[in-house]
Structure formats: C-alpha cells, structure tokens
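Please open the model in a viewer with residue selection enabled. The tour below proceeds from one selection to the next and states what is found at each stop.

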Amino acid sequence: MPKDAPVNIGTPSQVPPAGPWRRVSEMQAKLHRWAAADPGRRFDDLFNLVHDPATLLVAFDRVAGNQGSRTPGIDGLTVIEVEERIGARRFLDELRAALKDGTFRPLPVRQRTIPKPGGSGKVRKLGIPTIADRTVQAALKLVLEPVFEADFKPVSYGFRPKRRAQDAIAEIHFYGTYGYRWVLDADIAACFDEI
C-alpha cells in the first residue's frame with residue numbers, strides 16, 4: 001500500500017459522502033499519513049477520536065449494516081430494537097458520555113457454538129457482543145486501523161482492508177511467472193479459542 005494512499009475509502013476518485021462519514025474518512029487519512037511519515041510517532045490523544053460523535057455514528061452505521069445486526073447480545077437488543085426503543089441519537093449520546101467519563105464497561109458476550117466449515121463435525125465458539133460493545137469496537141477499529149495499517153508490509157493479506165485471500169493467490173501466480181517457487185502461508189491453529 002503506498003504510504004500516501006487513502007484508507008478505507010476505495011479509489012482516490014471516490015469521495016466519501018458529506019457529514020460524519022467524510023469527517024471520519026479525513027481523520028483516518030490524516031492518521032495514516034502521520035503514521036507512515038513517522039513510524040516511531042507516538043499518538044497520545046486517540047481516545048478523543050474514539051468517542052467523537054462522528055466516529056460513533058459511523059461505527060453504529062457499520063454495525064447496523066452488518067448481517068449480525070439482527071442478532072442480540074447478552075442484553076437481548078438488536079440494532080432495530082435499539083433504534084425503536086431508545087433511538088439511535090440517545091443511544092449514541094449515552095454511549096459517548098459513558099466512554100468520556102470512564103464508566104463504560106463491556107458486557108460478557110453471548111456464547112454459541114457453531115459447526116466449523118467443511119463438514120468435519122467440529123464446532124467453534126462464537127461470541128456475540130452487545131450492540132453497544134460492537135459500536136465501541138467499530139469506533140476503535142476506525143481510529144486504530146489507519147495507524148497500524150501504515151506498519152504492515154504489502155505482502156501481508158490477513159484481515160486487512162481491501163485485501164482478500166484471492167488477492168494473495170493472484171500475487172502468488174504473478175510471482176510464479178517470474179521464477180519464484182516458495183510461498184509462506186502461516187496460521188496459528190485455534191489462536192482465538194482461548195483469548
């Protein structure tokens with residue numbers, strides 16, 4: 001990824017919509033630019049960006065747009081119920097206040113076991129956070145991802161924006177045509193089972 005590339009907004013010709021989305025996009029681009037320009041830079045005041053109203057609104061919209069928005073956490077609330085019972089604005093205002101004054105505490109996740117893909121008969125644990133916890137996680141991701149993304153090598157594909165396994169395979173094929181014969185694929189088995 002070029003050091004001056006925009007983060008999470010697609011191609012440079014795509015302009016993010018006005019309002020909170022543009023504000024967050026510009027904040028991400030600025031953080032990425034600073035992190036790329038000075039790898040040793042210390043970011044002291046990121047928490048104010050996490051509880052910024054624009055960041056929380058974009059985070060909530062991302063949670064609401066996710067397929068899991070219909071799945072309640074341990075508190076029993078889905079995104080639709082949050083919007084109908086509490087109202088998105090009040091929900092985000094209360095969440096912001098709790099973050100700012102330090103009283104926010106994540107709730108335990110609702111745990112389910114689901115079958116692993118491939119029909120092996122094995123299952124994996126799935127943790128389902130509350131909508132509030134998902135919103136805070138999304139806000140943290142919006143702020144932290146551009147900072148850490150600047151440090152990743154271009155050959156890293158796992159869990160990164162705008163990168164898929166298919167991109168890694170395409171790059172393997174590309175380098176294969178130039179005589180390269182070794183590929184390293186690393187995975188830590190069951191890494192997140194006990195974290």
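**Stop 1: Leu95**

Select Leu95, which counts as buried because its relative accessibility is 5%; buried means under 20% relative accessible area, exposed over 50%, and partly exposed in between, with a 1.4 Å probe and protein chains only. The model is predicted, so local features need pLDDT of at least 70 and side-chain atom pairs count only at pLDDT 80 or more, while totals for chains, interfaces and linings use all residues. Residues are numbered from 1 along each chain as its sequence is written, and side-chain values use heavy atoms, with hydrogens and water left out.

Leu95 belongs to helix α5. Helices (H or I, at least four residues) and strands (E, at least two) are DSSP runs, numbered from the N terminus. Display the surroundings of Leu95 next: not counting residues up to four places away in sequence, Leu95 touches Leu56, Phe104, Ala132, Thr135 and Val136, where contact means heavy atoms within 4.5 Å. Then add Pro53, which lies 42 residues from Leu95 in sequence, yet 9.9 Å from it in space, C-alpha to C-alpha.

**Stop 2: the whole of α5**

Extend the selection to residues 88-101, which form α5. The 14 residues of α5 should span 20 Å at 1.5 Å a residue, and this agrees with the 20 Å between its end C-alpha atoms; the expected span of a helix is 1.5 Å times one less than its number of residues.

Which residues of α5 are buried? They are Phe91, Leu92, Leu95, Ala98 and Leu99. These residues cover an arc of only 125 degrees around the axis, which puts them on the same side of α5; the arc is that of the directions from the helix axis to the C-beta atoms. In general, an α-helix has 3.6 residues a turn, so residues three or four places apart point the same way.

Now colour the partners of that side: the buried residues of α5 pack against α2 (46-50), α3 (53-65), α4 and α6 (131-149). On the face turned away from the buried side, look for the exposed residues Arg89 and Asp101. Just after α5, select Gly102, whose phi is positive, at about 80 degrees.

**Stop 3: α4 against α5**

Add α4, residues 79-86. The axes of α4 and α5 are 7 Å apart, and the two helices pack at an angle of about 95 degrees. Axes are lines fitted to C-alpha atoms, for helices over the stretch in contact, and angles run from 0 to 180 degrees between N-to-C directions. This angle makes α4 roughly perpendicular to α5; angles under 35 degrees count as roughly parallel, over 145 as roughly antiparallel, 65 to 115 as roughly perpendicular and the rest as oblique.

Show the side chains at the contact: Val82, Glu83 and Ile86 come from α4, and Ala88, Arg90 and Phe91 from α5. By class, this contact has four nonpolar, no polar and two charged residues. Here Ala, Val, Leu, Ile, Met, Phe, Trp, Tyr, Cys and Pro count as nonpolar, Asp, Glu, Lys and Arg as charged, and the others, Gly among them, as polar.

**Stop 4: α3 against α4, and Val79**

Bring in α3 beside α4: their axes are 9 Å apart and meet at a packing angle of about 125 degrees. That makes α3 oblique to α4. The contributors are Phe60, Val63 and Ala64 of α3, together with Val79, Val82 and Glu83 of α4. This contact has five nonpolar, no polar and one charged residues.

Centre on Val79 of α4. Val79 is buried, with a relative accessible area of 3%. Beyond its neighbours within four places in sequence, Val79 is in contact with Phe60, Val63, Ala64, Ser69 and Ile131.

**Stop 5: α1**

Select residues 20-37, helix α1. Its buried residues are Val24, Ser25, Met27, Gln28, Leu31, His32, Ala35 and Ala36. Viewed down the axis of α1, they fall within an arc of 160 degrees, so they line one face of the helix. Their cover includes α2, α3 and α6.

**Last view: the full chain**

Zoom out to the protein chain, which has seven helices and two strands. From the N terminus on, its elements run α-α-α-α-α-β-β-α-α. Of its 195 residues, 31% count as buried.
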